[in-house]
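Please open the model in your viewer and keep the sequence panel beside it. The tour below moves from one selection to the next and says what is there at each stop.

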Amino acid sequence: MHVSLSHCRTNRTMAAAAAHERKRQREGNAAPSTAAAAAGEAQYVYLPIADALKVPGVRVCLFAAVSEIGAVVRSRGTDFTLTLRIVDQSRTSGISVTFFADNTALLPCVRSTGDVISLHNVVITMHYGEFFVTVNKKFSSFALFEGKVSTEFRPYQASMKYHGSKHDDGILTQTRMWLVYHPPGLKDLELQLSSIKSDSTFDLVCKVLHVCQAPSGEWIFYVWDGTDAPTTEFQTFSDTEAVPSVPLHLEGAPLPREVLCTLPCIGTVLRVFTNKFSKEILHLQKDIYWARFCNITCKHEFGIWKGTLLPSSRVRLLSNEDGSVVERSNRCAIQVHRQPMAGLHKAPDITDVEYKRAGYTTLMESLTHGQVTHKFKTLVRIVAAYPCQGNDLHSLVTGNYCLRLTLEDPTARIHAYVHKEDGVRFFGGFLTPDALTRKMNRLLGVPEPEEADEEGTPLTRNPPWVWCCLKSYRLDKDDPWGSRRYRIFGTEIRD
């Protein structure tokens, strides 16, 4: 049964509402229930959205759930405007509601999608073949209620002209019960970054940390939900020398340090690309918002996840008090989850490190460290090496060369160098080329020869999680941050 009063469905009620509205317009009465409200007997007839669409131009009252929250923008005049999308049992596709006010404090401040809104004396209008709900500053009013069943019946926000009815509590309860089984949004398509899959389409609730435009003209959203994106596999050796360093880049150019330092130190920051400009970009450039990215897709390039907005994708802004937002924010308060979720219980004893009792530091924590020089212990995957063959590695140990490794954790990807003085310890002594190759293969996750495919097709490799000690340094005292480098020390590959 629909959440409104049962007699609201009848044609007689709609006809009476239309006749009453025409009479009110003739008599100049903008609020027919004002007198009743003053006497404590205010009573409103709430129409289902589908029925309200049958009487455009007539003032109606609605009780519905908020499914989308827009951003506050300036209108072409002096007002501020806000658009919400509301749904009810009669119209699950919803309808847009536009509010105007000369002060943003007078606009609805919806805490979460799924909250309930009561609208009095609003008008259904049509523009370019689509219905809208228009809210008039002079005679319309609204109230906002939490959507949870266990909450109280008092609104957490109401406009000055709003007067409730004695029947509102029952309608609100029915609306909340309907929302339990019909929450706004397609929850079955909603994923966290920790569970994304290549080439699938899904919804993502995330925090938009930064927006910029690439030289190609594409827009890039840097988004985060507090979880770690899945690790990826690589082809054996074919790409061990071609993996890019830091994933937080703009077509090869690193993010400015002032932007980098605003990013979280735990969890994966995903880049989402689009070649279509939208009004949401303007708001996301000015401030940090939580948002729902609807119907997006992902794939990985060189082991780095890349999101893409499809022609059917949409970006919906969310309140910080939205239930999905609160749930995703809680991870920051759980210290144990600072370590990579995938490596938390899977780090094999491949390496020995000097700083056994040192705390764990993510790569992003070091990248944003306040000083150029920084020593720390971290848990990473070694996804590439140069050189990576035995004879070249033997020259490293015996000659005057250095080894470049590409390290990654869920937060970043960096290059780190093994210099000659650290190389002997790193490999566990002066070993033969074959022994060096075997140790390097373990770090890179290269399968053993007996695991080779019978047809000779390339095998994938899955680098394991390993502990290592890193320290950063500068090459140029006049450009300390631009010349910052990392080297591995105090780390040994076990036999």
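Begin by selecting Glu492, which at 29% relative accessibility counts as partly exposed, bearing in mind that this is a predicted model. Glu492 belongs to strand E25, which covers residues 491–493. Leaving aside neighbours within four places in sequence, Glu492 is in contact with Ile350, Thr351, Asp352, Arg425, Phe426 and Gly428. If you also display Glu354, you will find its C-alpha atom 8.9 Å from that of Glu492, although the two residues are 138 apart along the chain.

From Glu492, step to its contact Phe426. Which residues does Phe426 touch, not counting those up to four places away in sequence? They are Leu403, Leu405, Val418, Leu443, Ile488, Thr491, Glu492 and Ile493. Phe426 is also one of the residues with the most contacts inside the largest nonpolar core, a group of 46 residues in which Leu403, Leu405, Leu407, Met440 and Leu470 are likewise listed for their contacts. To see where this core sits, colour domain 2 (188–229 + 267–334) and domain 3 (351–493) separately: both give residues to the core, so it lies between them. A second core, separate from this one, has 29 residues, including Ala52, Ile95, Val110 and Leu144. As a general background to both selections, nonpolar side chains in soluble globular proteins tend to be buried together.

For a contrast with the cores, turn to the surface and select Val149, Met177, Val180 and Tyr181, which make a nonpolar patch of about 410 Å². Within this patch, Val149 is found in the loop between strand E7 (141–145) and strand E8 (157–158). Val149 counts as partly exposed because its relative accessibility is 42%.

Next, go to strand E16, residues 289–301, and select Cys298 within it. Is Cys298 buried or exposed? With a relative accessibility of 1%, Cys298 counts as buried. Showing its surroundings, again without residues up to four places away in sequence, brings up Ile196, Lys197, Ser198, Asp199, Ser200, Phe202, Leu270, Trp305, Lys306 and Gly307 as residues that Cys298 touches. Among them, Leu270 is 28 residues from Cys298 in sequence, and the two C-alpha atoms are 9.6 Å apart in space.

Lys306, just met as a contact of Cys298, leads on to the charged pairs. Its side chain meets that of Glu301 in a salt bridge, with an N to O distance of 3.8 Å. The two partners fall into separate accessibility classes, since Lys306 is buried with a relative accessible area of 17%, whereas Glu301 counts as partly exposed at 34%.

Now move to Glu408, whose side chain forms a salt bridge with that of Arg381 at 2.9 Å, N to O. This pair links distant parts of the chain, as Glu408 lies in strand E20 (residues 403–409) and Arg381 in strand E19 (residues 374–386), 27 residues apart. Both Glu408 and Arg381 are buried. Keep Glu408 selected and add Arg413: their side chains also meet in a salt bridge, here at 2.6 Å, N to O, and Arg413, like Glu408, is buried. Elsewhere to select, Glu68, Arg314 and Arg316 are joined into one network by salt bridges that share partners. The structure as a whole holds 13 salt bridges.

For two backbone details, select Asn121 and then Tyr128. Asn121, in strand E5 (residues 116–127), has a phi near 55 degrees, a positive value in a residue other than glycine. Tyr128 likewise has a positive phi, of about 50 degrees, although it is not a glycine, and it is found in the loop between E5 and strand E6 (130–134). As for their surroundings, Asn121 is buried with a relative accessible area of 8%, while Tyr128 counts as exposed at 89%.

Finally, zoom out to the whole protein. There are 11 helices and 25 strands, and buried residues make up 51% of the 495 residues. Of the contacts with a separation of 6 or more, 68% are accounted for by residues 24 or more positions apart. The accessible surface comes to about 24,100 Å², with 51% of it belonging to carbon and sulfur atoms.

Technical notes. Residues are numbered from 1 along each chain as its sequence is written. This is a predicted model: local features need pLDDT of at least 70, side-chain atom pairs count only at pLDDT 80 or more; totals for chains, interfaces and linings use all residues. Side-chain values use heavy atoms; hydrogens and water are left out. A nonpolar core is a set of buried Ala, Val, Leu, Ile, Met, Phe, Trp, Tyr and Cys residues joined through side-chain atoms within 4.5 Å. Buried means under 20% relative accessible area, exposed over 50%, partly exposed in between (1.4 Å probe, protein chains only). Domain bounds come from an automatic or database domain assignment. Contact means heavy atoms within 4.5 Å. Patches are made of residues with over 30% relative accessible area and no salt bridge: like charges are joined within 9 Å, nonpolar side chains (Val, Leu, Ile, Met, Phe, Trp, Tyr) within 5 Å. Accessible areas come from the Shrake-Rupley method with a 1.4 Å probe; for residues, only the protein chains shown count as cover. A salt bridge is a side-chain nitrogen of Lys or Arg within 4 Å of a carboxyl oxygen of Asp or Glu. Helices (H or I, at least four residues) and strands (E, at least two) are DSSP runs, numbered from the N terminus.
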